[in-house]
Amino acid sequence: MTELTHLPPTASVDTVVQHLREDGYVIVDNLAGTDHMDRIEQELRPHIEATPYGSDNFVGKKTRRTGSLIARSEAARELVRNPTILDVAGEFLSHASTFQLHLTQVISIDPGSTGQAIHRDQLAWDFFPFPDDYEVQCNTLWAMSDYTADMGATRVIPGSHRLGDNEKFTHEEAIPAEMERGSVLIYSGKIYHAGGANTTVDRVRQALNITYAVGWVRQEENQYLSTPLEVARTLDDDLLKLMGYQMGCFAMGYVGDLMDPLSVIRDDLTDIRSIDDMAASIARGDSSNTLMNLIGDEATTVAGQAAP
């Protein structure tokens with residue numbers, strides 16, 4: 001295999017998810033307009049320029065990683081909520097009760113940067129051995145600049161999401177995810193991949209790394225500290241929930257006296273999270289169903305019908 005799979009922006013959610021499950025990745029071409037990338041670049045330019053290089057070869061001694069995109073860029077917020085990506089992430093991570101925003105950053109690989117070590121992103125959870133069939137992440141890398149092999153395009157090992165945590169690969173074995181600006185590489189947290197070496201003289205490879213995870217794990221980027229409360233209060237409820245101002249399951253992430261996390265932002269919110277709120281999870285007949293049915297009879301009814 002010498003080229004990665006590309007899909008058009010009109011591809012169905014089912015098709016995208018099928019490739020994710022079978023291959024561990026897929027590229028969707030031109031899912032965002034170049035004008036949208038222009039807006040993001042303009043809003044984030046001063047923050048990118050102020051970001052220091054990494055301190056080691058893994059994060060990149062000639063690579064900048066600029067975070068806090070929710071607080072810093074309205075256009076980036078729109079990309080975080082891209083309808084296709086949210087539908088894909090929701091389906092790919094549907095074995096969990098909820099999913100959430102895991103991290104946001106612009107990765108800028110400058111000329112002269114060496115290739116990153118090939119790795120799996122899910123190792124960030126302290127190398128926890130997630131089951132082979134349990135997907136904890138749905139990741140995206142949006143091409144904010146041209147995305148070519150010589151600029152350091154992300155390199156991917158197709159099918160490696162089916163392997164264990166201790167595999168080793170060389171960059172020569174990996175395939176560069178070359179794509180046009182505004183296209184997006186979507187990949188599993190289990191896929192082996194790495195940033196490539198930028199061998200150009202004057203071109204910076206930039207990607208928007210926006211990642212989603214199941215709702216019960218700790219987020220890599222602390223969304224609550226990255227976005228000040230005064231900014232959070234200006235955001236709509238759907239975005240806040242995506243950031244993590246929601247319960248990860250019926251008992252994960254409550255505030256105070258079993259209060260919904262949104263109560264920190266909305267003074268008029270007095271509801272608590274109840275078993276009934278998890279009804280959608282029960283209907284799926286998956287791991288959430290098994291757990292919820294152990295809790296009590298009140299968890300067995302969805303819209304007046306008994307759960308299977």
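Reader: In which sense do β3 and β4 pair, and over how many bridges?

Author: This is a predicted model, so every statement here is about a prediction. As a general idea, strands of a sheet pair through backbone hydrogen bonds, and the pairing is either parallel or antiparallel. Here β3 and β4 pair in the antiparallel sense, over four bridges. One place to find this pairing is Thr63, whose bridge partner in β4 is Ile109.

Reader: What is the sense of the pairing between β4 and β10, and how many bridges does it have?

Author: β4 and β10 are also an antiparallel pair, with 10 bridges. To locate the pairing in the model, look for Phe99, which stands opposite Val214 in β10.

Reader: Which strands does β5 pair with?

Author: β5 is joined to β10 by seven bridges, and the two run antiparallel. Gln137 has Ala213 as its bridge partner in β10. β5 is also joined to strand β8, residues 184-188, by five bridges, again antiparallel. In that pairing Cys138 stands opposite Ser188 of β8.

Reader: How many residues of β4 are buried?

Author: A residue counts as buried when its relative accessible area is under 20%. In β4, 11 of the 11 residues are buried, so this strand is largely enclosed by the rest of the structure. β5 reads in a similar way: seven of its seven residues are buried, so β5 too is largely enclosed by the rest of the structure.

Reader: Which residues of β5 lie on each side?

Author: The general idea is that in a regular strand the side chains alternate between the two faces of the sheet. On one side of β5 are Gln137, Asn139, Leu141 and Ala143. On the other side are Cys138, Thr140 and Trp142. The residues on both sides are all buried, and both faces of β5 are covered.

Reader: What is the strand order in the open sheet of three strands?

Author: The order is β7-β6-β9, with antiparallel pairing. β7 (175-176) and β9 are the edge strands, each pairing on one side only. Strand β6, residues 155-156, pairs with β7 over two bridges. Within that pair, Val156 stands opposite Ile175 of β7.

Reader: How much space lies in the largest pocket?

Author: Rolling a probe the size of a water molecule over the atoms shows where empty space is left. The largest pocket holds about 650 Å³ of space. Its lining has 36 residues, and those closest to the centre are Phe58, Arg65, Gln116, His119 and Asp121. The elements that give two or more residues to this lining are β3 (63-66), β4 (99-109), β5 (137-143), β9 (193-194) and β10 (205-214). The largest share, five residues, comes from β4. By class, the lining of the largest pocket has 11 nonpolar, 17 polar and eight charged residues.

Reader: Which residues lie nearest the centre of the second largest pocket?

Author: They are Gln100, Val217, Arg218, Gln219 and Tyr224, out of 15 lining residues. The space in the second largest pocket is about 210 Å³. Its lining divides into four nonpolar, eight polar and three charged residues.

Reader: Is Glu3 buried or exposed?

Author: A residue counts as exposed when its relative accessible area is over 50%. Glu3 has a value of 63%, so Glu3 is exposed. Glu3 lies in the segment before β1 (6-7). It also shows how sequence and space can be read together: Glu3 and Glu178 are 175 residues apart in sequence, with their C-alpha atoms 8.7 Å apart in space.

Reader: Why does Gln246 count as buried?

Author: Gln246 counts as buried because its relative accessibility is 19%, and the cut-off is under 20%. Gln246 is found in the loop between α8 (237-243) and α9 (279-283). A polar atom of the Gln246 side chain lies 3.0 Å from the backbone oxygen of Lys241. Setting aside residues up to four places away in sequence, Gln246 touches Thr98, Phe99, Gln100, Lys241, Met252 and Pro261.

Reader: Which backbone oxygen does the side chain of Arg266 reach?

Author: The side chain of Arg266 reaches the backbone oxygen of Leu235, at 2.5 Å. Arg266 lies in the loop between α8 and α9. Apart from neighbours within four places in sequence, Arg266 is in contact with Arg233, Leu235, Asp236, Asp237 and Leu240.

How values were computed. Residues are numbered from 1 along each chain as its sequence is written. This is a predicted model: local features need pLDDT of at least 70, side-chain atom pairs count only at pLDDT 80 or more; totals for chains, interfaces and linings use all residues. Side-chain values use heavy atoms; hydrogens and water are left out. Buried means under 20% relative accessible area, exposed over 50%, partly exposed in between (1.4 Å probe, protein chains only). On a 1 Å grid over the protein atoms alone, a cavity is a set of points where a 1.4 Å probe fits but cannot get out, and a pocket is an open set with protein on both sides within 12 Å along at least five of seven lines; lining residues have an atom within 4 Å of a point. Grid points are joined across faces, edges and corners, and a volume is the space filled by probe spheres set on the points. Ala, Val, Leu, Ile, Met, Phe, Trp, Tyr, Cys and Pro count as nonpolar, Asp, Glu, Lys and Arg as charged, and the others, Gly among them, as polar. Two strands pair if DSSP finds at least two bridges between them. A polar contact is a pair of N or O atoms within 3.5 Å; within protein, one must be able to donate a hydrogen and the other to accept it, and residues adjacent in sequence count only if both atoms are side-chain atoms. Contact means heavy atoms within 4.5 Å.
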